[in-house]
Every structure is written in C-alpha cells, then in structure tokens.
Amino acid sequence: MKRSKYNWLFFFFGLSALLSCSVPDIHQYEDAGKCPDIFPDYINVTIPFNIAPLNFRMKEAGSRGLLYLEGNGCKISIRSSGGKFLIPPHRWERLLEENKGRSIKATVFLKEKGYWKRFNPFSVAVSSEPIDAYLVYRLIEPGYELWNKMGIYQRNLENFKETAVYENKMTNYNCVNCHSFCMQDPQKMMFHIRGQYGCTIVLKDGKAEKLNTKTDSTISALVYPYWHPSGKYIAFSVNKIDQAFYLNNKDRIEVFDSKSDVAVYDTEKREIFTSPLLFSKDVLETFPAFAPDGKTLYFCSSRSFPVPEKSDSVKYSLCSIPFYPDTRKFGECTDTIFNSGISGKSAAFPRISPDGRFLLFTVSGYGSFPIWHKDADLCLYDLIAEKYIDLSNINSPDVDSYHSWSSNSRWIVFSSRRIDGLYTRLFIAYIGKDGKPGKAFLLPQRDPDFYGDLLKSYNIPEFVKDKVRLDPYRISHQAKSTNEFSLTFKRQE
C-alpha cells in the first residue's frame with residue numbers, strides 16, 4: 001500500500017514537471033501586428049530575479065487567452081481568467097532562476113469569434129542583481145487634510161505578502177509619518193507620531209526611545225530625516241509648513257515652507273547640533289541626506305520669499321557641505337551641485353546611491369513639495385563622471401517624485417501619479433553600473449485589478465534588507481507614556 005501511494009506521488013510530480021515545461025501549439029492564428037495592450041505595462045522591462053510574478057490583464061476583450069513564457073530552453077503556458085494572466089509563483093521562481101542575466105520571451109494569444117490572434121512577442125530582461133527583499137511605505141488617503149486610517153506597511157517583494165509595521169489605530173488615529181532606515185537596515189529605524197501623543201520614535205540596537213524633539217532654539221520639532229551610515233547621527237530639517245488650495249490649477253494644492261533649517265541629532269548624546277551655513281534666517285534649508293561614506297551632507301537651499309504670495313519664486317538649489325563625524329564639525333563653505341538660478345528648476349529629495357556613484361533627486365518648477373506638482377521629474381547625476389543621465393524612459397507626463405535606492409545601488413523605487421493623476425503608486429526601475437536606466441514598472445500585485453480597488457496613496461517608499469520586526473503594542477504604550485527624552489541644542493560657531 002505504501003509503495004502504491006508513493007508511486008502515485010512520483011507520477012503526479014513528474015506529470016506536473018512535464019506540463020510546466022510544455023506548451024500546446026497553436027497552428028492557425030492571425031498576427032495582430034502589434035504588442036498586446038496590457039496592465040500593468042511590463043513590456044520590455046528589466047526585473048530582478050527575486051521579484052514576485054508579473055501578473056497582468058489584457059485591456060482588449062477576448063473569450064480565451066494564452067500566455068507563453070520562454071527562456072533558456074523552458075516553456076510554460078498560462079491560461080487567462082477573465083482577461084487576467086496569473087502566473088503560478090513556483091513556476092515563475094524557477095523560470096527566473098534559470099534565466100538570470102538572460103531574457104524571457106512572452107507571447108500572448110487571444111481567441112475571438114473562434115479564431116486565435118497572436119500579438120507581437122515582447123521580452124522581459126532578468127537581472128542577476130537582486131532587489132532588497134522588503135519595501136516599506138505609508139498608505140494614506142490623498143485627501144489633502146481629511147484622513148482617518150493610515151499606517152506604515154511592509155511588502156515582501158519576493159511574494160505578495162503585505163504586513164503592518166505600525167498603524168495609527170494604535171494611538172487614536174493620529175498621523176504617523178517620515179519613517180527612515182539606516183542603510184536599509186530594518187533594525188535601525190525612526191518615525192514620527194504627530195498630534196496626540198506627538199513624539200519621535202527611534203529604534204536602534206533592539207531599543208526604542210521616545211523623543212521630544214522640539215527645543216527652544218528650533219522653529220519646530222524635527223521633520224524630514226536621513227541617517228548617517230554609522231547609525232550615530234540622524235540629519236533632520238525643522239520646518240514651518242503651510243498649505244494653500246487652488247480653485248483653478250492642475251496641481252490643486254501647494255505645500256510650502258515659510259521657515260526651515262537643517263540640524264543633526266546625536267543619538268548617543270541626545271543632542272542637536274548644526275552650523276550657521278545650515279541654520280540661517282534669510283535662507284530656507286531642507287531635505288538633508290548624508291553621503292554613504294558619512295563625510296558629506298547634502299541639502300536643498302533657497303532664498304526666502306513671502307509665501308504663499310510668491311511661492312512660485314521659491315526655487316531650491318542642491319548643495320553639499322563637508323561633515324566630520326569624529327568631531328561633529330561641518331566645513332566652512334558649501335558647494336552647489338544643482339543651481340536653481342541657472343536651471344530655473346527647484347530640487348528636492350537628494351538621495352545618493354550606496355556605492356557613492358549617483359545622486360538622484362526630484363526637480364520641478366518651484367517649491368519644496370513636488371509630490372503635488374505634475375511637472376515633477378526624477379534627475380540622475382553621475383558624481384564621478386560629473387554629468388547628467390537621461391531618465392526619459394523613467395519619467396512620465398505626471399508626478400514622479402519621492403524615491404530611494406536598493407542596498408546594491410542597482411534598483412530605485414519611486415512614487416508616481418502617472419496611472420490616473422490622483423493616486424500615488426510605486427514604480428521600480430533598474431539602474432546599471434554605468435547609470436543607464438531600464439524601463440520603470442509598477443509594483444507587481446497578485447490581482448492586476450488591485451490598484452483600481454485601492455483608494456489609498458503610497459508614500460515614502462524605502463527599501464530594507466529584511467523584515468522589520470517591530471512590536472506595535474510596545475511602541476504605542478511607549479508613545480502614550482510620559483517617559484520621554486528631551487533634546488538639547490548646540491549651534492556650531
């Protein structure tokens with residue numbers, strides 16, 4: 001009896017393996033003469049070998065459909081269900097593993113009125129360079145001032161599993177924002193809790209601290225963060241932020257700073273320090289970011305104008321200043337990498353690739369909050385060759401703004417409103433060692449109709465190397481407690 005049972009098992013697995021690499025032939029068909037119109041658009045993209053299946057649906061109606069995937073001698077077929085092609089994860093994983101550094105050919109057939117129609121095959125390049133296993137982001141209604149439920153979530157990029165890192169229902173539905181990690185390390189994290197129980201939570205070396213970050217010498221509590229690679233410091237901006245609403249403007253809303261400065265928080269001494277070059281009354285400084293070697297601090301800087309009357313005159317240059325972590329000193333002068341006076345554009349969100357080669361930032365017509373500007377695009381600068389790299393195959397006619405790098409410097413993730421102009425979705429793109437970009441692709445989901453049903457926007461996507469293991473109950477208890485650390489302020493003379 002046992003032998004018979006195992007024989008059936010071997011037969012079943014053998015048959016499955018045979019079917020997974022066999023494709024029924026369609027001998028009679030008409031050529032459509034064009035590539036298939038699919039959503040999401042995965043045609044001719046470059047993907048990591050450890051990404052979840054690229055499930056998609058046809059925009060064109062058809063009674064039946066077949067998808068053939070071919071690569072390195074293996075062919076698999078997937079039948080459509082309601083126009084959707086859902087790729088079995090185990091077969092997809094095997095296909096990618098066998099085609100690292102190669103390309104997969106995809107061919108779509110549709111059957112209409114009893115006849116098969118074949119669309120032009122397209123390719124998907126499979127990079128041998130992996131993507132970080134997890135992506136962390138906030139989900140929030142894009143309702144300007146009105147929202148209720150929000151949270152910070154993490155997605156396993158190797159499958160479709162999404163779990164909560166922290167949800168605002170833990171602290172009476174207040175705002176949680178500005179999560180940040182030290183060099184994609186899930187064990188070194190911080191985020192803000194605003195409103196009731198307002199504080200900053202810093203997690204480091206298995207310990208969580210509640211901080212009151214407002215001091216008598218700063219205009220606000222700490223805002224936009226960026227970790228020093230050592231984990232000892234976190235650079236922040238302090239901002240007085242306001243917003244205005246348009247009655248007749250394609251951008252709908254304007255968020256602007258009337259005041260802003262940059263300072264650095266010492267996580268060991270619980271002290272804030274800065275420099276006069278980062279902390280001046282007549283200049284707006286914001287969006288700090290450390291270089292991967294920790295010896296340079298990048299930031300955005302603009303002359304101050306009356307706002308909102310002259311919001312469109314506020315244009316930020318991208319600057320840098322030397323930083324000496326051993327002594328906590330800054331350099332005596334700044335350098336301008338992107339000059340708003342010459343370009344006529346405004347820079348935001350500088351992010352340096354972990355290998356130190358590329359500087360990625362957002363440019364728009366004016367201001368410091370490009371996530372509402374339809375003209376916002378990504379800009380890539382080669383710090384070694386000192387030249388800009390064309391990102392026309394990544395940017396879109398709509399908003400392309402916040403972004404971050406993978407730990408191996410080969411992948412970027414960024415937010416974009418290119419799908420419908422209203423909701424922010426996440427796109428991933430390959431960046432070669434020479435800076436050459438691949439075509440951007442939408443974050444894959446199990447159901448291709450997922451985004452049409454999701455009434456929330458993605459916000460602040462950040463790659464992390466592993467799963468964030470945070471106890472939300474412990475954090476909420478800590479946030480509600482009266483035990484907190486107050487910070488001291490020291491200005492560099």
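Hi everyone. Let's start with the empty space: this structure holds four cavities of 30 Å³ or more. Please keep in mind that we are looking at a predicted model. How do we find such places? Rolling a probe the size of a water molecule over the atoms shows where empty space is left.

The largest cavity has about 80 Å³ of space. Look for Ile38, Tyr42, Leu54, Phe56, Leu69, Ile87, Trp92, Ile104, Ala106, Phe122 and Val124, which line the largest cavity. Two elements, strand 8 (103-112) and strand 10, each give two or more residues to that lining. How many nonpolar, polar and charged residues does the lining of the largest cavity have? It has 11 nonpolar residues, no polar and no charged ones.

Now move to the second largest cavity, with about 60 Å³ of space. Its lining includes Glu254, Asp257, Ser311, Tyr316 and Gly367. By class, there are six nonpolar, three polar and two charged residues in this lining.

Val307 also lines the second largest cavity, and that residue brings us to the backbone. Val307 and Pro308 are joined by a cis peptide bond, with omega about 10 degrees. You can find Pro308 in the loop between strand 23 (296-303) and strand 24 (317-324). Another cis peptide bond joins Phe39 and Pro40, where omega is about -10 degrees. Pro40 sits in the loop between strand 2 (38-39) and strand 3 (46-48).

Next, two residues with a positive phi. Glu386 is not a glycine, yet its phi is about 55 degrees. Look for Glu386 in the loop between strand 29 (377-382) and strand 30 (387-389). Ser409 is not a glycine either, and its phi is about 65 degrees. That serine lies in the loop between strand 31 (400-405) and strand 32 (411-416). Are they buried or exposed? Glu386 is exposed, with a relative accessible area of 60%, whereas Ser409 is buried, at 1%.

Let me finish with Glu129, in the loop between strand 10 (122-127) and strand 11 (134-140). Glu129 is buried and has no salt bridge. Which side chain of opposite charge is nearest to Glu129? That is Arg410, 4.2 Å away. A salt bridge needs the charged atoms within 4 Å, so Arg410, at 4.2 Å, does not make one with Glu129. Leaving out residues up to four places away in sequence, Glu129 touches Pro48, Phe49, Asn408, Arg410, Trp411, Tyr430 and Lys433.

Thanks for listening!

Technical notes. Residues are numbered from 1 along each chain as its sequence is written. This is a predicted model: local features need pLDDT of at least 70, side-chain atom pairs count only at pLDDT 80 or more; totals for chains, interfaces and linings use all residues. Side-chain values use heavy atoms; hydrogens and water are left out. Helices (H or I, at least four residues) and strands (E, at least two) are DSSP runs, numbered from the N terminus. Buried means under 20% relative accessible area, exposed over 50%, partly exposed in between (1.4 Å probe, protein chains only). Lys and Arg count as positive and Asp and Glu as negative; His and the chain ends are not counted. Contact means heavy atoms within 4.5 Å. On a 1 Å grid over the protein atoms alone, a cavity is a set of points where a 1.4 Å probe fits but cannot get out, and a pocket is an open set with protein on both sides within 12 Å along at least five of seven lines; lining residues have an atom within 4 Å of a point. Grid points are joined across faces, edges and corners, and a volume is the space filled by probe spheres set on the points. Ala, Val, Leu, Ile, Met, Phe, Trp, Tyr, Cys and Pro count as nonpolar, Asp, Glu, Lys and Arg as charged, and the others, Gly among them, as polar.
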